[in-house]
Amino acid sequence: MSRVIIIGCGGVAQVAIKKCCQNSEIFTDLCIASRTLSRCEKVKNELEGKTKTNITVRKIDAEYVDDLLFLFNDFKPDLVMNLGMPYQNLIIMDACLIYGCHYLDTAAYEPEDINEPIWREKYEKRVKEKGFTAYFDYSYQWEYDSKFKEKGLIALLGCGFDPGVSQAYVAYARKHEFDRIDTLDILDCNGGDHGYPFATNFNPEINLREVSSAGAYYENGKWHSIPAMSIHQKYVFDGVGEKDMYLLHHEEIESIAKNYPEIKRIRFYMTFGQSYLTHMKCFENVGLLSTKPIMYEGKEIVPIQFLKALLPDPASLGPRTKGKTNIGCIFKGVKDGKEKTYYIYNMCDHEQSYKEVGSQAVSYTTGVPAMCGAMMILKGLWTTPGAKTVEEYDPDPFIEALDKYGLPKTESYNPVMVEDNDR
Ligand code: NDP
């Protein structure tokens, strides 16, 4: 028996809601709370009569702690799943601490307007100290670790696929396959085709901010920053075929480096097609990726938010997307004194995801782990309090749940290593 609030009702949230409703024994009472009430009502209506979970809906603007507390005091959640925007992570964490419930999200906090002096100062300090320039990082949320610990509550950070399952794969590999891991490459391939010249598979604002940032990887205790999209490789992905992939900075590199200091090199690659990259460069060149508000006809607008309004809604891509995603981790390390390599990944089919829950596979691969992570907390399988990332918990029950709820793992003991493609 548990009471859960899901904040947001976009692509990821809609999958998580439907998955929670397939698991009504755990998720007995669900409140869908988002900015646009009609979206919440539509999902509730779709599920009516098909689930034993009691669903209520509420309009909320997660920018305001008082509004969140009003909702929490009324609904009395055990856990709040923040599946809206990362800009509100800290506000929702504050509300969870004051009310006294667990918290979960799928993306690291980043300030909405990085030019605000209070954030700029913190950001510049971090760039100097750590050496990567992306706007998102875990330091803001790790500051909450002791506060959650003191209250005996969990804030589970980044429980989607990557971040999320990627870190569970690291913990799993270390527990079952290696005595020591030396190198890790996280490969995120979306082999899906939605037929648009340009669309993002998750929130366009967050996606474009992430992808246009400088890339970075971690090696021998140091961050190495590179110009965006300047390291490129080809890789043949199971179920997809050959794709171009580019080295990006990604938040789980930061937490894995902290929690597994033995790993000498951690890199993250994501695949992109040429059309995506050409459009993104063009948007960047004309200033459409800027987060700095400008005046337009007497009204203040944020260019990247205006662009978001023009682009297809990721939740609408489901019926048009064909192909598969393939996301996983390739390791090199040592077991029983011998060097070995190991690849663990999941393949997810866009059309099958749509058939099951009405969403494309990028939303599916994020919404399912969010539900499974919530289940780990609610079933008391993950209990260590604090602001934690997925690799800090036992991976076994989580990976078992992913297998059961639609994201089974595939393993290879003789993978093609990324560096083998350099030749
Ligand atoms: P969408 O844009 O589809 O959905 C966002 C939802 O949040 C919308 O329903 C939106 O409301 C709501 N929202 C936005 N601002 C507020 C607010 N102030 N108060 C209340 N609700 C609000 O995004 P996605 O579903 O694609 O992505 C959700 C999250 O998942 C993002 O943070 C993204 O970065 C993360 N993600 C993580 C991945 C991972 O593997 N870890 C992969 C993909 C995504 P409205 O309908 O009014 O716009």
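This passage walks through a predicted model, starting with the ligand and ending with a few odd spots in the backbone.

The ligand makes a good place to begin. There are 27 residues around it, and Val12, Thr36, Arg39, Ala62 and Asn203 come nearest. Sorted by class, this shell is a mix: 12 nonpolar, 11 polar and four charged residues. Several N or O atoms of the protein sit a short step from the ligand's own polar atoms. Gly10 offers a backbone N or O atom 3.2 Å from an oxygen atom of the ligand. Asp61 takes part through its side chain, where an N or O atom is 2.9 Å from a nitrogen atom of the ligand. Pro163 joins in with its backbone instead, placing an N or O atom 3.1 Å from a ligand nitrogen. Taken on its own, the ligand has 940 Å² of accessible area, and the protein covers 94% of that.

Pro163 turns up again for another reason. The peptide bond leading into Pro163 from Asp162 is cis, with omega near 10°. That is worth a second look, as most peptide bonds are trans. As for its place in the fold, Pro163 belongs to the loop between strand E6 (154-157) and helix H8 (165-176).

Next comes the inside of the protein. In soluble globular proteins, nonpolar side chains tend to be buried together. Here the largest nonpolar core has 128 residues, and the members touching the most other members are Ile6, Ile17, Met81, Phe331 and Phe398. Helix H14 (residues 361-378) supplies the largest share of this core, with 10 residues. Met81 shows what such a spot looks like up close. Setting aside neighbours within four places in sequence, Met81 is in contact with Val4, Ile5, Ile6, Ile7, Ala16, Leu104, Ala370, Met371 and Ala374. A second core, separate from the big one, has 14 residues, among them Leu187, Cys189, Tyr217 and Ile226.

Not everything tucked away is nonpolar, though. What about Lys19, a charged residue in helix H1 (residues 11-21)? With a relative accessible area of just 2%, Lys19 falls under the 20% cut-off and so counts as buried. Its side chain has a polar partner in there: one of its polar atoms lies 2.9 Å from the backbone oxygen of Tyr405. Beyond residues up to four places away in sequence, Lys19 touches Glu356, Tyr364, Val368, Met371 and Tyr405. Met371, then, is a contact of Lys19 and also of Met81.

Back to the backbone, and to two residues with an unusual twist. Most residues other than glycine have a negative phi. Lys76 is not a glycine, yet its phi is positive, at about 60°. Asn220 is not a glycine either, and has a positive phi of about 50°. Where do Lys76 and Asn220 sit? Lys76 is in the loop between helix H3 (65-75) and strand E4 (79-82), while Asn220 is in the loop between strands E8 (215-219) and E9 (222-226). Lys76 counts as partly exposed because its relative accessibility is 47%, whereas Asn220, at 57%, counts as exposed.

One last stop is Gln352, found in helix H13 (residues 350-357). At 58% relative accessibility, Gln352 is over the 50% mark and therefore counts as exposed. Gln352 and Gly323 are 29 residues apart in sequence, with 9.6 Å between their C-alpha atoms in space.

Technical notes. Residues are numbered from 1 along each chain as its sequence is written. This is a predicted model: local features need pLDDT of at least 70, side-chain atom pairs count only at pLDDT 80 or more; totals for chains, interfaces and linings use all residues. Side-chain values use heavy atoms; hydrogens and water are left out. Buried means under 20% relative accessible area, exposed over 50%, partly exposed in between (1.4 Å probe, protein chains only). A polar contact is a pair of N or O atoms within 3.5 Å; within protein, one must be able to donate a hydrogen and the other to accept it, and residues adjacent in sequence count only if both atoms are side-chain atoms. Contact means heavy atoms within 4.5 Å. A residue is near a molecule or strand if one of its heavy atoms lies within 4 Å of it. Accessible areas come from the Shrake-Rupley method with a 1.4 Å probe; for residues, only the protein chains shown count as cover. Ala, Val, Leu, Ile, Met, Phe, Trp, Tyr, Cys and Pro count as nonpolar, Asp, Glu, Lys and Arg as charged, and the others, Gly among them, as polar. A nonpolar core is a set of buried Ala, Val, Leu, Ile, Met, Phe, Trp, Tyr and Cys residues joined through side-chain atoms within 4.5 Å. Helices (H or I, at least four residues) and strands (E, at least two) are DSSP runs, numbered from the N terminus.
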